[in-house]
Amino acid sequence: MLSGNVIRGYKACPECLSDEGSSSHCNKICRLGHRAFLPYDHKWRFDDKAFDGTVEHGVPPRRWTGEEILAVLNEYDFGQLSNHPNIVAAIPERPDRYKFWTHKSIFWELPYWNKLLIRHYLDVMHIEKNVCDSVVGTVLNLEGKTKDSPKARIDLKKCVIRRHLWLKEGKKKMPQAPYTVKPDQKDLIFRWMSCVKYPSGYAGNIARCVNFRDNKMYGLKSHDSHILLQRLFPVFIRPFLPRQVVEPLVALARFFQKLCTREVSRCDLREMQMDIIYIMCKFERIFPPNFF
């Protein structure tokens, strides 16, 4: 990151510099707590059983300004930036206040750097590909990409939520989740994707990345995931999942459609900012915590 921020773990948010909403699930750090952005009297804040088993009383984290961050960075000497093990071992452990950064970036020497609203680069296409892999992989239960695993079911039991999805003692087979397509219906989806046609120049031939005999997808490029998530996924998923699951999935696809348009007005951005809060909250009600 240009700003020198930590990009993983509990302190991965470069905007709020807070670990609120971060928790460990299935040996990874997940970012939950989207209910904090809802109105304080919203009923979902108090619906502990449908979410992670807790009641949400928090408020949205405060966004730090560039001047505040620069003042904190000037307080501490991060030492020499290096990957050499001897140099890294000689650097003392940083206090918690400074663990949000790996170093003080040289870009802070620029006179306008602390005035920028965003000091890090976000590639929408790659983010969209990662989201597509997680969503499509979980819904279609693709090996190596699904977030629905025995560890995820064990984690649900630890959180004491969604008892109908817990692993039963003495049985290795997981109960069918409402957010995954049934095995006998996956064949219809993959056969449909292997036959879909597009206008000339609209998209690559995704059918070449589909193996309908083994029900697998491989070799998808960023633009292939772009088309799959925004155009194909909302179409083929509707007949196979419950309405309460399909609705937020389609809303997510529409969110990326609006985000990737050539022109976006300020009114649209404000509307999208509210929409994504409710979409993520609905996802928390549907998917296991390790999905995030």
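**Exercise 1. In this predicted model, find the partner of Asp133 in a salt bridge and place the pair in the fold.**

Solution. Start at the side chain of Asp133: it forms a salt bridge with Lys129, and the closest N and O atoms are 3.9 Å apart. That passes the test, because a salt bridge needs a side-chain nitrogen of Lys or Arg within 4 Å of a carboxyl oxygen of Asp or Glu. Next, look at the backbone. Asp133 and Lys129 are about one helical turn apart, because they sit four residues from each other in helix H3 (residues 124–139). Finally, check the surroundings: both Asp133 and Lys129 are buried.

**Exercise 2. Which parts of the chain does the salt bridge between Lys282 and Glu247 tie together?**

Solution. First confirm the pair: the closest N and O atoms of Lys282 and Glu247 are 3.1 Å apart. Lys282 belongs to helix H8 and Glu247 to helix H7 (residues 243–259), so the bridge ties together parts that are 35 residues apart in sequence. Then turn to exposure. Lys282 is partly exposed, with a relative accessible area of 25%, and Glu247 is partly exposed too, at 44%.

**Exercise 3. Now try Asp47 and Arg285: how many residues apart in sequence are the parts they tie together?**

Solution. The two side chains meet in a salt bridge of 3.3 Å, N to O. Asp47 lies in the loop between strand E2 (28–31) and helix H1 (66–73), while Arg285 lies in helix H8 (residues 266–286), so the parts they tie together are 238 residues apart in sequence. Asp47 is partly exposed at 25% relative accessible area; Arg285 is partly exposed at 33%. To put these pairs in context, the count of salt bridges comes to nine, in a protein with 47 positive and 32 negative side chains.

**Exercise 4. Is His25 buried or exposed, and what does it contact?**

Solution. Locate His25 in strand E1 (residues 22–25). Its relative accessible area is 6%, so His25 is buried. Within the strand's own stretch of chain, the side chains of His25 and Ser23 are joined by a polar contact of 2.9 Å. Now leave aside neighbours within four places in sequence: His25 contacts Cys30, Leu32, Asp155, Cys159, Pro289 and Asn290.

**Exercise 5. How many helices and strands does the protein have, and in what order do its elements run?**

Solution. Count eight helices and four strands. From the N terminus on, the order is β-β-α-α-α-α-α-β-β-α-α-α. As a last step, consider burial: 41% of the 292 residues count as buried.

Methods
Residues are numbered from 1 along each chain as its sequence is written. This is a predicted model: local features need pLDDT of at least 70, side-chain atom pairs count only at pLDDT 80 or more; totals for chains, interfaces and linings use all residues. Side-chain values use heavy atoms; hydrogens and water are left out. Helices (H or I, at least four residues) and strands (E, at least two) are DSSP runs, numbered from the N terminus. Buried means under 20% relative accessible area, exposed over 50%, partly exposed in between (1.4 Å probe, protein chains only). A polar contact is a pair of N or O atoms within 3.5 Å; within protein, one must be able to donate a hydrogen and the other to accept it, and residues adjacent in sequence count only if both atoms are side-chain atoms. Contact means heavy atoms within 4.5 Å. Lys and Arg count as positive and Asp and Glu as negative; His and the chain ends are not counted. The place of a charge is taken as NZ of Lys, CZ of Arg, CG of Asp or CD of Glu.
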